[in-house]
Amino acid sequence: MKENQLWKAIFIRTMTVGYTIKKIRTQRKMTQKQLADLIGIEDSTIRKYESGRLNAKPDTLEKIAKALDVDPETLIFSELNFNRAMHQLYRIIDNYGGEI
């Protein structure tokens with residue numbers, strides 16, 4: 001696997017956890033500011049998690065999960081994450097002509 005592709009694969013994983021946080025947060029009709037206030041961080045940090053620019057530490061993921069009233073595993077191992085990751089992985093493979 002080329003180095004660039006490896007970084008893309010890592011990015012996909014990061015992005016899917018953030019995507020799940022955002023999806024659940026919006027389903028709960030909660031703003032980024034409200035979630036941040038509940039767990040004691042800046043709302044800009046929540047934006048970074050949701051956009052995939054920053055990985056939440058395990059203890060922070062637990063706080064986020066508690067604030068969203070879900071199990072921490074839901075944020076990491078959700079079906080939503082798997083489907084999104086597979087879709088993006090197929091796009092990466094397609095961009096390289098089917099070869100990794």
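In this predicted model, a negative patch on the surface is made up of Asp59, Glu62, Asp71 and Glu73. One of these residues, Glu62, belongs to helix 4, which spans residues 58-68. That makes helix 4 a convenient place to begin a tour of the structure.

Helix 4 also has a buried side. Thr60, Leu61, Ile64, Ala65 and Leu68 are its buried residues. When the helix is viewed down its axis, these buried residues fall within an arc of 140°, so they line one face of helix 4. A general feature of helices helps in reading this pattern: an α-helix has 3.6 residues a turn, so residues three or four places apart point the same way. Just past the end of helix 4, the backbone at Asp69 adopts a positive phi of about 60°.

Attention now turns to pairs of opposite charge. In general, oppositely charged side chains can pair when their charged atoms come close. Counting a Lys or Arg side-chain nitrogen within 4 Å of an Asp or Glu carboxyl oxygen as a salt bridge, the model has three salt bridges.

One of them joins the side chains of Arg25 and Glu50, with an N to O distance of 2.6 Å. This pair links distant parts of the chain, as Arg25 sits in helix 1 (residues 3-27) and Glu50 in helix 3 (residues 43-51), 25 residues apart. Are the two partners buried or exposed? With buried meaning under 20% relative accessible area, Arg25 counts as buried because its relative accessibility is 7%. Glu50 is likewise buried, since its relative accessible area is 9%.

Another salt bridge lies within helix 2. Here the side chains of Asp37 and Lys33 meet at 3.1 Å, N to O. These two residues are four apart in helix 2 (residues 32-39), so about one helical turn separates Asp37 from Lys33. Lys33 has a relative accessibility of 45% and therefore counts as partly exposed.

Helix 3, which already supplies Glu50 to the link with helix 1, also holds a salt bridge between Asp43 and Arg47, whose side chains meet at 3.2 Å, N to O. Both residues lie in helix 3, four positions apart, or about one turn of the helix. How accessible are Asp43 and Arg47? Asp43 is partly exposed, with 23% relative accessible area, and Arg47, at 37% relative accessibility, is also partly exposed.

Notes: Residues are numbered from 1 along each chain as its sequence is written. This is a predicted model: local features need pLDDT of at least 70, side-chain atom pairs count only at pLDDT 80 or more; totals for chains, interfaces and linings use all residues. Side-chain values use heavy atoms; hydrogens and water are left out. Patches are made of residues with over 30% relative accessible area and no salt bridge: like charges are joined within 9 Å, nonpolar side chains (Val, Leu, Ile, Met, Phe, Trp, Tyr) within 5 Å. Accessible areas come from the Shrake-Rupley method with a 1.4 Å probe; for residues, only the protein chains shown count as cover. Lys and Arg count as positive and Asp and Glu as negative; His and the chain ends are not counted. The place of a charge is taken as NZ of Lys, CZ of Arg, CG of Asp or CD of Glu. Buried means under 20% relative accessible area, exposed over 50%, partly exposed in between (1.4 Å probe, protein chains only). The arc is that of the directions from the helix axis to the C-beta atoms.
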